[in-house]
Amino acid sequence: MIRSIIRGYGAALPKRVMTNQDIEAIVETTDEWIVQRTGIKQRYIAGEGETTSSLGELAARAALENAGIQPDEIDLIIVATSTPDNTFPATAVNIQNRLGITSGFAFDVQAVCSGFVYAMATADLYIRGGMARRVLVIGAETFSRILDWTDRTTCVLFGDGAGAVVLEAGEGEGKTSDRGILTSNLRSDGSHKDKLYVDGGPSTTGTVGHLRMEGREVFKHAVGMITDVIEAAFEATGTTADDLDWLVPHQANRRIIDGSAKKLGIPNEKVVITVDQHGNTSAASIPLALAAAASDGRIKKGDLVMLEAMGGGFTWGAVLLRW
């Protein structure tokens, strides 16, 4: 059978680092409060000339170089983002143009913080369906552009960045020992919209709007939803938490990550954490964490890796793959 195998990975971050001490000068908060409740120590903030597509391009080029392939060998580009350059065209098309690619096709996926998981699942279907052989999957965000910098409950949480992987069709035997994506599980429930959303849009206000969040409500649902899709992935593949080499979660909040891992019986040493350095970069957080753990040698060929995320909507999902 056809498997979607990760052939390369890459990451890109803005030049500017914003520490918790920097935020103390903007809103009434403290480094101690932020670290205690979120685990975040710093985040990267896009500056002039840095956009979702420019960061996405840099991450894509790094992934292509890591994979050892040329841009014109890519059949499809999927970009997961909630902060596109323009209402249209898709940021994926902008990145396609920046990479000098004039063939194939490109589109965006919008599932907020779950976007990269949704994009990976979508790319896997295109590969297994024979419509693409090599897919560039990118998570890229400039969330700093939709934050209310007077709202201390949200502006401390988010950052900007981009991560990317190259997926390539390979042969598998239909076993969990196969390299590549083994299963994907996606969920959504729009009844929770008002708990995490942006209060603007072309069809409603004609403005970009700002992010609004009921933090306690999000936290209340997060661990259960994340556990749901991870357990579904284990059931679909006949694997357990003991078989897992790495959990690469969406980097929203250290307490959510720790709570989910504990409930699933996954030890802390198997969990990749970058939230302290990047903050919540929405759809970019999982590929940024993947790139960090793969580049420093933690994630190795043959490792069983679980990706999971929950985002506004609510959306949530998990992808289980063998590196």
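**Exercise 1. In which sense do E11 and strand E12 pair, and over how many bridges?**

*Solution.* Let's start with the pair itself. In this predicted model, E11 and strand E12 (residues 304–311) run in the parallel sense, joined over 4 bridges. To see one position in the pairing, find Pro249, which stands opposite Glu308 in E12.

Next, widen the view to the sheet. The order is E8-E13-E12-E11, an open sheet of 4 strands with mixed pairing. At its edges are strand E8 (180–188) and strand E11 (246–249), each of which pairs on one side only. Going from one strand to the next, the twist averages 15°.

**Exercise 2. Which strands stand at the edges of the open sheet of 5 strands?**

*Solution.* First, write down the order: E1-E7-E6-E4-E5, again with mixed pairing. Strand E1 (2–12) and E5 have a single partner strand each, so one side of each has no neighbour in the sheet. The twist here averages 20° from one strand to the next.

Now follow E1 to its partner. E1 pairs with strand E7 (residues 160–171) in the antiparallel sense, over 10 bridges. One place to look is Ile2, whose bridge partner in E7 is Glu171.

Finally, add the helices. Helix H9 (residues 285–295) packs on the sheet and touches E1, E6 and E7, with a direction at about 90° to that of E1. H5 lies across E1, strand E4 (76–80), E5, strand E6 (134–142) and E7, and runs at about 165° to E6.

**Exercise 3. Which residues does the UniProt annotation "active site" cover, and where is Cys113 found?**

*Solution.* The annotation, from an unreviewed UniProt entry, covers Cys113, His250 and Asn280. These residues span 168 residues in sequence, but no two of their C-alpha atoms are more than 8.6 Å apart, so they gather at one spot.

To place Cys113, look in the loop between strand E5 (105–109) and helix H5 (115–128). Val112 is found in the loop between E5 and H5 too. Val112 deserves a second glance: its phi is positive, about 55°, although it is not a glycine. As background, most residues other than glycine have a negative phi.

**Exercise 4. What is the angle at which the axes of helix H6 and helix H7 cross, and which residues make the contact?**

*Solution.* Begin with the geometry. The axes of helix H6 (residues 215–237) and helix H7 (residues 254–264) come within 9 Å and cross at roughly 45°. Because of that angle, H6 is oblique to H7. The crossing of the two helices is right-handed.

Then turn to the residues that meet:

- From H6 come Phe219, Ala222, Val223, Gly224, Ile226, Thr227, Ile230 and Glu231.
- From H7 come Arg255, Ile256, Gly259, Ser260, Lys263 and Leu264.

Sorted by character, the residues of this contact of H6 with H7 give 7 nonpolar, 4 polar and 3 charged.

**Exercise 5. Try the same steps on helix H3 and H4: how do the residues of their contact divide?**

*Solution.* The axes of helix H3 (residues 52–67) and H4 come within 9 Å, crossing at roughly 55°. H3 and H4 are therefore oblique to each other, and their crossing is right-handed.

Thr52, Ser53, Ser54, Gly56, Glu57 and Arg61 are the H3 residues in the contact, and they meet Thr91, Asn94, Ile95 and Arg98 in H4. The contact of H3 with H4 divides into 1 nonpolar, 6 polar and 3 charged residues.

**Exercise 6. Where do Pro89 and Phe314 lie, and what is omega for the peptide bonds that lead to them?**

*Solution.* Take Pro89 to begin with. Pro89 lies in the loop between E4 and helix H4 (91–98). The peptide bond from Phe88 to Pro89 is cis, with omega near 5°.

Now move on to Phe314, which is in the loop between E12 and strand E13 (315–322). The peptide bond from Gly313 to Phe314 is cis, and its omega is near -5°. For context, most peptide bonds are trans.

**Exercise 7. How much helix and strand does the chain have over residues 235–323?**

*Solution.* Residues 235–323 are listed by UniProt, in an unreviewed entry, for "domain: Beta-ketoacyl-[acyl-carrier-protein] synthase III C-terminal". Over this stretch the chain is 33% helix and 22% strand. The C-alpha atoms at its ends are 19 Å apart.

Definitions and conventions
Residues are numbered from 1 along each chain as its sequence is written. This is a predicted model: local features need pLDDT of at least 70, side-chain atom pairs count only at pLDDT 80 or more; totals for chains, interfaces and linings use all residues. Side-chain values use heavy atoms; hydrogens and water are left out. Axes are lines fitted to C-alpha atoms, for helices over the stretch in contact, and angles run from 0 to 180 degrees between N-to-C directions. Angles under 35 degrees count as roughly parallel, over 145 as roughly antiparallel, 65 to 115 as roughly perpendicular and the rest as oblique. A crossing is left-handed if the near helix is turned anticlockwise from the far one by less than a right angle, and right-handed if clockwise. Contact means heavy atoms within 4.5 Å. Ala, Val, Leu, Ile, Met, Phe, Trp, Tyr, Cys and Pro count as nonpolar, Asp, Glu, Lys and Arg as charged, and the others, Gly among them, as polar. Two strands pair if DSSP finds at least two bridges between them. UniProt positions are given in the numbering used here, feature names are shortened, and annotations may be inferred rather than shown by experiment.
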